[in-house]
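Morning, everyone. Let me put one chain on the screen and walk you through it.

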Amino acid sequence: LKSIQSQSSMWSSRYVLAAALVALAVSAAQAAPSNRELLSAPWTPFKPDGKLNLGQVRVDAEFQAKQGVTTIFAVGGMSQWWALTMPERKALAVEWIKQKALGFYVIVNVGHQCVEDSIELAKHAEMSGADAIAMLPPFAPQKPPTIDILVDIMVKIASATKLPLFYYHFPGQTGVTFPFADILARALPRVPTLAGVKFVSDLGDFANVVEIAPAGFKLFWAPEPKIQAMPYGITRYVLAESYYAPYLSEVLDAYEAGNIPLAEQKQQRLNSLQNIINAVGGNRDVMKMLGIDMGPARLPGAPNIPKKDYDALQDALVKWGFFNNTRVY
């Protein structure tokens, strides 16, 4: 895996090119309260036998609320939606919708290879009290061959409910590589409930999206490092893991205060933490260290890391100071 540290050399040049926007972003932040939103896509908790462990959703939700998470992207990729049956997807969605009581805005992913199943999931999410639905396009074995056909799919799913619709733009996973700026331009006249995007793609496309997005359209930026999107005035971010929220908040606090060097320093500190964890792929295991046992991933997901790697990761996190941050542990 390419480390986030090495990515920094790539985003720094983009960051410099966007520096002309820094003063505008900072002045806007100082003129009005932050509308910051941190989106988390929770893991699905499983029992050792592979069945859903829905009782852990509340435990996870309470933890995430304490971290500063505001928005839940339920039954998404981190939840292994493709490895869940339709009844399991519905049950997991309902459990997360219940957590709205903690103050979350809950978006339920209804993306599916079968559009009719997406429609069924969308109707269920609305009936169950979701705040919004999200979709990614069908992508295997056939993906939409044109933007117009993709928008046709969006229209069918969106028209099944009155809920706001978010598009999950992740061309690296789906292979649906149309620029989102082009998708948005075609979709806005036809999908009146289109409310935002969970964006996992390149900064160039994102810059074009910023230019054409209507007022109130929610742009959630996902790629690391997050600071590369901040010159564009973005205040909505997708967390790689919920336990990164306090550290990302420190980056945003510094940036919004106009202290760009401190924001860069905080970002580098967050990068180093992510590199430690990504080196062994122990994200579920970190949750266990924090007292939230999410169980093993469901096949074809990778198993939990071996004990020796678990112990080494825990030692590395102790040395980093991860467990000393009271906002996390």
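One definition before I start, since I will be naming strands and helices: strands are DSSP runs of E with at least two residues, helices are runs of H or I with at least four, and the numbering starts at the N terminus. Keep in mind that this is a predicted model.

With that in hand, Tyr105 sits in strand β3. I will come back to that residue.

The overall picture next. The protein has 13 helices and 8 strands. It has 329 residues, and 54% of them count as buried. Take contacts between residues at least 6 apart in sequence: 73% of these join residues at least 24 apart. The exposed surface is about 13900 Å², with 58% supplied by carbon and sulfur atoms.

Now the core. The largest nonpolar core holds 105 residues. Which members touch the most others? Met154, Tyr167 and Phe322 do. Look at Tyr167. Beyond its neighbours within four places in sequence, Tyr167 contacts Met135, Pro137, Leu150 and Met154. The list goes on with Val176, Phe180, Ile183, Leu194, Gly196, Val197 and Lys198. So Met154, itself one of the top three in the core, is also a partner of Tyr167.

Next, helix α5, residues 115-128. Does its length add up, or what span should we expect from 14 residues? At 1.5 Å a residue, the expected span is 20 Å, and the end C-alpha atoms are 20 Å apart, so the two agree. Buried residues in α5 are Val115, Ser118, Ile119, Leu121, Ala122, His124 and Ala125. What covers them? The cover includes α4, β3, β4 and α6. Right after α5 comes Gly129, with a positive phi near 100°.

One of those buried α5 residues leads us to a loop. Ala122 is buried, and Thr161 touches Ala122, along with Lys123, Glu126 and Ile133. Thr161 is in the loop between α6 and β5. Buried or exposed, this loop residue? Thr161 counts as buried, because its relative accessibility is 8% and the cut-off for buried is under 20%.

Back to Tyr105. At 25% relative accessibility, Tyr105 counts as partly exposed. Among its contacts beyond four places in sequence are Thr70, Thr71, Ile72 and Asp131. Ala132, Pro164 and Phe166 are contacts of Tyr105 too. Tyr105 and Asp131 are 26 residues apart along the chain, and their C-alpha atoms are separated by 6.2 Å.

Now a second strand residue, Glu37, in β1. Glu37 is buried, with a relative accessible area of 12%. Tyr105 and Glu37 are 68 residues apart in sequence, with 9.7 Å from C-alpha to C-alpha. Glu37 touches Thr70 and Thr71, and Tyr105 contacts both of these as well. Other contacts of Glu37 include Lys218, Phe220, Thr235, Arg236 and Tyr237. The side chains of Glu37 and Thr71 also make a polar contact of 3.5 Å.

Last topic, salt bridges. How many turn up in the whole structure? There are 16. I will pick out a few.

Glu88 and Arg298 first. Their side chains meet at 2.7 Å, N to O. This pair links distant parts of the chain: Glu88 is in helix α4, Arg298 is in the loop between α12 and α13, and their positions lie 210 residues apart in sequence. Both Glu88 and Arg298 are buried.

Then Asp131, which we met beside Tyr105. Asp131 bridges to Lys100, with the closest N and O atoms 3.2 Å apart. Asp131 lies in the loop between α5 and β4, and Lys100 in the loop between α4 and β3, so the pair ties together parts 31 residues apart in sequence. Lys100 counts as partly exposed, at 29% relative accessibility.

Third, Arg186 and Asp148, a salt bridge at 2.9 Å, N to O. Arg186 is in helix α8 and Asp148 in helix α6, so this pair ties together parts 38 residues apart in sequence. Arg186 is partly exposed at 41%, and Asp148 is partly exposed at 41%.

Finally, a network: salt bridges link Arg36, Asp253 and Glu256.

That is my tour. Over to you.

Note on methods. Residues numbered from 1 in each chain as written. Predicted model: local features only at pLDDT ≥ 70, side-chain atom pairs only at ≥ 80, totals over all residues. Heavy atoms only, no water. Buried < 20%, exposed > 50% of the residue type's maximum accessible area, 1.4 Å probe, protein only. Contact = heavy atoms within 4.5 Å. Core = buried A, V, L, I, M, F, W, Y, C linked by side-chain atoms within 4.5 Å. Polar contact = N/O pair within 3.5 Å; in protein donor to acceptor, adjacent residues only side chain to side chain. Expected span 1.5 Å × (residues − 1). Areas by Shrake-Rupley, 256 points an atom, 1.4 Å probe, with all protein chains shown as cover. Salt bridge = Lys/Arg side-chain N within 4 Å of Asp/Glu carboxyl O.
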